[in-house]
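This report looks at the surroundings of a ligand, at a pocket and at the pairing of strands in a single model. Please read it alongside the sequence and the structure shown here.

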Amino acid sequence: MLYQSTGRNTEKIKASEAIIRGLSKDGGLFVPESFPNISGETLTQLISKSYSERSAYIMGLFLDEFSQDELGKFTGKAYNTKNFDTEKIAPLHAVNKNTFFLELWHGPTCAFKDMALQVMPYLLIESLRKNGDKHDVCVLVATSGDTGKAALEGFRDIPGIKIMVFYPKDGVSEIQKLQMTSQSGDNVFVTAVEGNFDDTQTGVKRIFSDSTVADALEKKGYLLSSANSINWGRLVPQIVYYVSAYCDLIDNGTIKLGEKINFCVPTGNFGNILAGYYAHKIGLPINKLICASNRNDVLTQFINTGAYDRNRTFYNTISPSMDILISSNLERLIFELSGKDGDSIASYMSALSDKGSYAVPEAVLDKIQSLFASGYCSEEDTKKAIADVWSKNGYLIDTHTAVAYKAINDYKEKTGDESVSIVVSTASPYKFCESVLEALGVSTEKSGVALMDILFDYTKVTIPAPLAVLKNTKPRFPGSIKQDEMKSAVLQFPGG
Ligand SMILES: *Cc1c(COP(=O)(O)O)cnc(C)c1O
């Protein structure tokens with residue numbers, strides 16, 4: 001199977017090249033040229049398989065350059081009880097007979113980014129090998145929180161890889177910061193950058209476009225790479241948990257093979273929900289994909305009207321991983337639904353960067369609305385949703401998952417749709433203790449990691465082990481640098 005750009009370039013490349021390159025030269029994103037299909041028989045066969053086996057099979061449909069044997073080795077190393085605190089890897093939690101939470105936060109960093117970043121490093125290394133590329137890789141990440149830690153854990157101590165993470169000094173929670181600054185591994189480097197996320201991201205982008213950096217690293221045998229969410233190597237592992245959840249619902253007798261279900265996804269960069277769309281595209285019986293937004297509801301507006309407009313106020317919310325006004329992966333969806341018309345996509349994307357907005361034609365909007373619904377959740381309603389699920393079901397959810405819970409309930413009320421619904425749960429509530437405690441009406445003088453114990457005392461919900469250890473951890477990388485020092489940090493790091 002070959003890959004093509006969503007932009008004007010019509011060149012076709014192999015999956016391994018798409019994974020190495022990340023982004024097409026024309027600025028577009030790589031997408032599969034055609035889609036495989038899973039039959040009912042396949043789904044039936046997957047029911048008795050482990051998550052790791054399901055993953056090797058589904059990824060193999062898209063990465064046919066990789067043998068089942070290779071993929072099985074990678075998924076076995078990624079999805080096991082050393083890295084995840086449950087054998088199911090991505091378990092379902094029922095709150096009533098037709099509503100389930102799909103918990104994607106049982107990995108080493110307690111957020112759903114682990115689902116992709118635990119396996120992606122193996123895909124990257126093997127892609128280089130398949131292309132006869134002898135470089136080592138230096139991965140640079142600018143993070144606003146969850147991605148940095150998940151990338152560090154995924155790439156830690158992998159031979160042939162070095163990873164550097166830059167996070168904004170003013171812009172991550174205390175728990176997120178300690179998660180990163182206490183990182184172990186011999187191939188890692190972490191530093192704060194003075195300023196906000198934009199300053200950090202701009203610094204990293206500048207390094208990527210500076211040929212003197214590339215040349216200097218080339219002399220040491222290194223290639224620069226990124227682990228951000230537009231890389232195909234991060235999307236394909238995410239298709240798996242949609243299929244896996246469906247198999248589990250058949251297995252526990254909730255649905256019959258072929259029955260259509262809904263997924264509601266708390267959305268930021270449109271990566272997670274796009275993987276759900278790809279699962280639908282290969283034949284998973286999905287009725288609706290419900291895109292849930294927080295106060296930055298640019299995607300809700302788009303799905304309702306067909307107009308994407310980032311000229312609006314940016315809000316810092318209590319679901320910070322969804323605080324995004326440019327949802328990078330959306331162009332992959334529009335590409336599929338507009339007949340793979342690279343010219344149109346290129347003109348939408350240049351309108352987005354020139355004037356901050358674009359609109360798709362009615363016909364494309366109709367196609368979007370036939371599969372997608374959308375929902376919005378205010379800050380107040382996010383907290384209400386957490387309190388609600390806790391008091392009704394004794395089940396604790398984080399602020400991002402709460403946005404999706406509100407959206408699915410609104411959707412059900414509005415449409416009367418009784419299909420079995422899965423709310424995609426993206427983080428452990430312990431990552432966002434402060435807001436969760438506030439939602440539950442628990443007041444405290446304490447802050448930072450001490451809040452984990454307060455939340456535990458109130459709920460008796462187990463603190464995930466990777467977060468519990470933070471209480472006794474000293475930062476290993478306490479430093480911060482200025483934006484204009486980032487380049488020399490990169491030049492000094494790998495091989496140095
Ligand atoms: C990254 C993230 C999201 C948003 O996912 P996208 O793929 O960007 O839509 C939602 N919740 C949490 C906890 C996240 O870390």
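In this predicted model, the shell around the ligand is made up, by class, of five nonpolar, eight polar and two charged residues. The residues around the ligand number 15, and those that come nearest are Lys113, Asp146, Gly268, Asn269 and Thr426. Three contacts to oxygen atoms of the ligand are listed below, one from a side chain and two from the backbone.

| Residue | Protein atom | Partner | Distance |
|---|---|---|---|
| Asp146 | side-chain N or O | ligand oxygen | 2.6 Å |
| Phe270 | backbone N or O | ligand oxygen | 3.2 Å |
| Gly271 | backbone N or O | ligand oxygen | 3.2 Å |

On its own the ligand has 380 Å² of accessible area, and the protein covers 96% of this.

A separate topic is the second largest pocket, which holds about 320 Å³ of space. Its lining consists of 21 residues, of which Pro108, Glu153, Ala465, Pro466 and Val469 are the closest to the centre of the pocket. Two helices, α7 (146–155) and α21 (465–468), each contribute at least two residues to this lining. When the lining residues of the second largest pocket are divided by class, eight are nonpolar, nine are polar and four are charged.

Turning to the strands, an open sheet of five strands runs in the order β9-β6-β7-β8-β16, and its pairing is parallel. The edges of this sheet are occupied by β9 (222–226) and β16 (480–481), and because each of these has a single partner strand, one side of each is left without a neighbour in the sheet. Within the sheet, strand β7 (residues 161–168) pairs with strand β8 (residues 188–193) in the parallel sense, over six bridges, and Ile163 stands opposite Val188 in β8.

Another open sheet has three strands in the order β2-β1-β3, and here the pairing is antiparallel. Its edge strands are β2 (13–14) and β3 (30–32), each of which pairs on one side only. Strand β1 (residues 2–5) is joined to β3 by three bridges in the antiparallel sense, and the bridge partner of Gln4 in β3 is Val31.

Definitions and conventions. Residues are numbered from 1 along each chain as its sequence is written. This is a predicted model: local features need pLDDT of at least 70, side-chain atom pairs count only at pLDDT 80 or more; totals for chains, interfaces and linings use all residues. Side-chain values use heavy atoms; hydrogens and water are left out. A residue is near a molecule or strand if one of its heavy atoms lies within 4 Å of it. A polar contact is a pair of N or O atoms within 3.5 Å; within protein, one must be able to donate a hydrogen and the other to accept it, and residues adjacent in sequence count only if both atoms are side-chain atoms. Accessible areas come from the Shrake-Rupley method with a 1.4 Å probe; for residues, only the protein chains shown count as cover. Ala, Val, Leu, Ile, Met, Phe, Trp, Tyr, Cys and Pro count as nonpolar, Asp, Glu, Lys and Arg as charged, and the others, Gly among them, as polar. On a 1 Å grid over the protein atoms alone, a cavity is a set of points where a 1.4 Å probe fits but cannot get out, and a pocket is an open set with protein on both sides within 12 Å along at least five of seven lines; lining residues have an atom within 4 Å of a point. Grid points are joined across faces, edges and corners, and a volume is the space filled by probe spheres set on the points. Helices (H or I, at least four residues) and strands (E, at least two) are DSSP runs, numbered from the N terminus. Two strands pair if DSSP finds at least two bridges between them.
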